[in-house]
Amino acid sequence: MKIGLVCPYNMFKGGGVQECVIAMQNELQSRGHDAVIISPQPNKHKDSQMDNVIFLGTAAQMKSPFHTTAQVSVSVKTELLGQVLDDEQFDILHFHEPWVPILSRQILSRSKSVNVATFHAKLPDTIMSKTIEKVITPYTKSILKEINSFTAVSDAAAEYVRSLSDQKVEIIPNGIDVSKYKANGKHLDKSILYIGRLEKRKGLKYLLSAFSKTVTPGVKLLIAGEGSDKLKLQRHAKFLKITDNVEFLGHISENQKLSLLAESSVFCSPALFGESFGIVLLEAMATRIPVVAGDNPGYSSVLTNEGGLGLVNPKDVKSFARTLDIYLNSPSARTAWQNWASNNIEQYDYSKIVDKYEKLYTKVLRNK
C-alpha cells in the first residue's frame with residue numbers, strides 16, 4: 001500500500017503525535033509498504049529536509065488549549081498540493097489530529113484516497129477550552145464528511161469527535177518499542193522521576209508539595225524537562241525547603257531518559273487534565289518502574305486494574321505523599337505493580353498497534 005501519514009506538527013521537535021507518526025512509518029516500511037509523512041515546513045527549518053517526509057506549506061506558532069505552543073500549518077499552495085497528490089497516488093491518507101488547522105482540511109478537500117483519521121488529544125475541561133471548542137467545531141464538522149474511518153487513542157480522545165458524529169470511532173492506543181525499554185530496569189536509586197513539560201496542567205506544584213511530606217529518608221526527586229513554569233517550580237521547591245533533594249535536569253537525551261527510567265525507584269506524572277493517553281506511562285511500564293500518576297481519564301485508560309493503585313488526586317497532597325512512600329518502601333507493592341506491568345505492556349508494542357491499523361486500512365480499502 002502507498003500510505004501518507006499527515007502530521008500537523010513540527011517534525012523536527014519531539015512530541016507524542018510526532019513520535020507516533022515516525023514509529024508507524026518505520027513499522028509500515030519494514031512490512032513492505034511505501035509510507036510517507038506529510039507535514040508543514042517549520043519556520044526555523046525552511047531549508048531542512050527529512051527522509052520520506054514531504055513538507056507542504058508554511059507553519060506558525062499557535063497557543064494550544066493546553067497552555068503550550070506548537071507550530072501548525074497556516075497556508076498551503078493549492079497547485080503544489082494537487083501536484084503532490086497526483087504524483088504520489090496514495091491508497092491511504094491517514095490524518096493525525098485532523099481538527100488542527102489547516103493542512104488536513106486542504107488535503108481532504110482534494111483527496112481521492114481512502115481517508116483515515118486518528119484523534120490523539122482530549123480538550124481540557126476549562127472555560128477557555130470550551131471557547132476554543134466553539135471556534136474549532138464548525139471547522140472540524142466541515143471535514144468529518146470527508147473521512148472514511150475514525151480512530152482515537154483512547155475513549156478520552158474520542159470524546160470530542162463522538163460529540164460531533166454518529167460514526168463509529170475505533171480505539172487504537174498509542175504504542176512504544178517495548179524492546180527498547182525491557183533490557184533496562186534495575187531501579188537501584190532511591191529516587192522519584194518526572195519526565196515531561198514543566199507547565200501548570202502537569203501538576204508539578206503538587207508533586208513538590210507531596211515530596212516535601214514523604215517520610216522516606218534520603219530520597220531524591222529528579223525533574224527532567226523544560227517549560228514555562230520552571231522558575232515558579234524552583235521557587236516553590238525553595239519555599240518548601242527541599243532544594244537539597246530536588247534536581248531540575250532540564251532537557252535530557254533519549255539515552256539519559258533510558259538510564260533514568262532504569263535507575264529510579266518510582267516514576268511520577270501527576271497531570272491534572274488534558275491527557276488522552278500517556279506514552280511515558282508505557283515507557284515506565286516496559287522498564288518495570290512503579291508509576292504514581294494523576295487520575296485523569298487518559299492515564300486511567302492505561303493504568304487499569306492493579307496498575308490503577310498508583311492513580312492519585314494530585315491536589316490531595318497527603319494521600320499523594322503516602323502513595324509515593326508505599327511504592328518507595330513496600331517490596332510487595334512494587335512486585336505486584338511490576339508483575340501487572342509485565343503482563344500488560346506487550347499489547348502496546350508498535351508491532352501490535354500497526355497490526356490494527358494495517359487491518360483497518362485493508363478493510364476500508366475493500367469497502368471503498
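In which sense do strand 5 and strand 6 pair, and over how many bridges? They pair in the parallel sense, over 5 bridges. Keep in mind that you're looking at a predicted model. The chain has 368 residues, and 54% of them count as buried. It holds 14 helices and 14 strands, so there's plenty to look at; here are some good places to start.

**The chain as a whole**

- The accessible surface of the chain adds up to about 16500 Å², and carbon and sulfur atoms account for 50% of that.
- Take the contacts between residues at least 6 apart in sequence: 69% of them join residues at least 24 apart.
- Searching the whole structure for aromatic pairs turns up 5.

**Strand 6 and its partner**

- Strand 5 covers residues 92–96, and strand 6 covers residues 114–119.
- For a concrete spot where the two meet, find Phe 95: its bridge partner in strand 6 is Ala 117.
- Generally speaking, strands of a sheet pair through backbone hydrogen bonds, in either a parallel or an antiparallel way.
- Strand 6 is largely enclosed by the rest of the structure, because 6 of its 6 residues are buried.
- Val 114, Val 116 and Thr 118 point one way from strand 6, while Asn 115, Ala 117 and Phe 119 point the other way.
- That's a nice case of a general pattern: side chains in a regular strand alternate between the two faces of the sheet.

**Rings, and a lysine over one of them**

- Phe 119 and Phe 150 form a stacked pair, because their ring centres are 6.4 Å apart and their planes are at 20°.
- Phe 119 sits in strand 6 and Phe 150 in strand 7 (residues 149–152), so this pair ties together parts that are 31 residues apart in sequence.
- Both of these phenylalanines, Phe 119 and Phe 150, are buried.
- Elsewhere, Lys 2 lies over the face of Phe 90, at 5.3 Å from the ring centre.

**The six-stranded sheet and its helices**

- Further along the chain there's an open sheet of 6 strands with parallel pairing, in the order 11-10-9-12-13-14.
- Strand 11 (246–250) and strand 14 (311–312) are at the edges with a single partner strand each, so one side of each has no neighbour in the sheet.
- Strand 10 (residues 220–224) pairs with strand 11 in the parallel sense, over 4 bridges.
- To find that pairing in the model, look for Leu 222, which stands opposite Glu 247 in strand 11.
- Helix 7 (residues 204–212) packs on the sheet and touches strand 9 (191–195), strand 10, strand 11 and strand 12 (266–269).
- The direction of helix 7 makes about 165° with that of strand 10.
- Helix 9 (residues 254–263) packs on the sheet as well, and it touches strand 9, strand 10, strand 11 and strand 12.
- The direction of helix 9 makes about 145° with that of strand 9.

**Two loop residues with positive phi**

- Asn 52 isn't a glycine, yet it has a positive phi of about 60°.
- You'll find Asn 52 in the loop between strand 2 (34–41) and strand 3 (53–63), and it counts as partly exposed at 42% relative accessibility.
- Lys 241 is another residue other than glycine with a positive phi, near 60°.
- Lys 241 is in the loop between helix 8 (230–239) and strand 11, and its 76% relative accessibility makes it exposed.

**Two buried residues to click on**

- Ile 37, in strand 2, counts as buried at 1% relative accessibility.
- Setting aside neighbours within four places in sequence, Ile 37 is in contact with Leu 5, Met 11, Val 21, Ile 22, Gln 25, Asn 52, Val 53 and Ile 54.
- Ile 37 and Leu 93 are 56 residues apart in sequence, and 9.8 Å apart in space from C-alpha to C-alpha.
- Thr 323 has its place in helix 12 (residues 317–329), and it's buried, with a relative accessible area of 11%.
- Not counting residues up to four places away in sequence, Thr 323 touches Val 292, Leu 309, Gly 310 and Val 312.

How values were computed: Residues numbered from 1 in each chain as written. Predicted model: local features only at pLDDT ≥ 70, side-chain atom pairs only at ≥ 80, totals over all residues. Heavy atoms only, no water. Phe/Tyr/Trp six-rings, centres within 6.5 Å; stacked < 30°, edge-to-face > 60°. Buried < 20%, exposed > 50% of the residue type's maximum accessible area, 1.4 Å probe, protein only. Lys NZ or Arg CZ within 6 Å of the ring centre and 35° of its normal. Contact = heavy atoms within 4.5 Å. Areas by Shrake-Rupley, 256 points an atom, 1.4 Å probe, with all protein chains shown as cover. Pairing = 2+ DSSP bridges. Axes fitted to C-alpha atoms, helices over the stretch in contact; angles between N-to-C directions.
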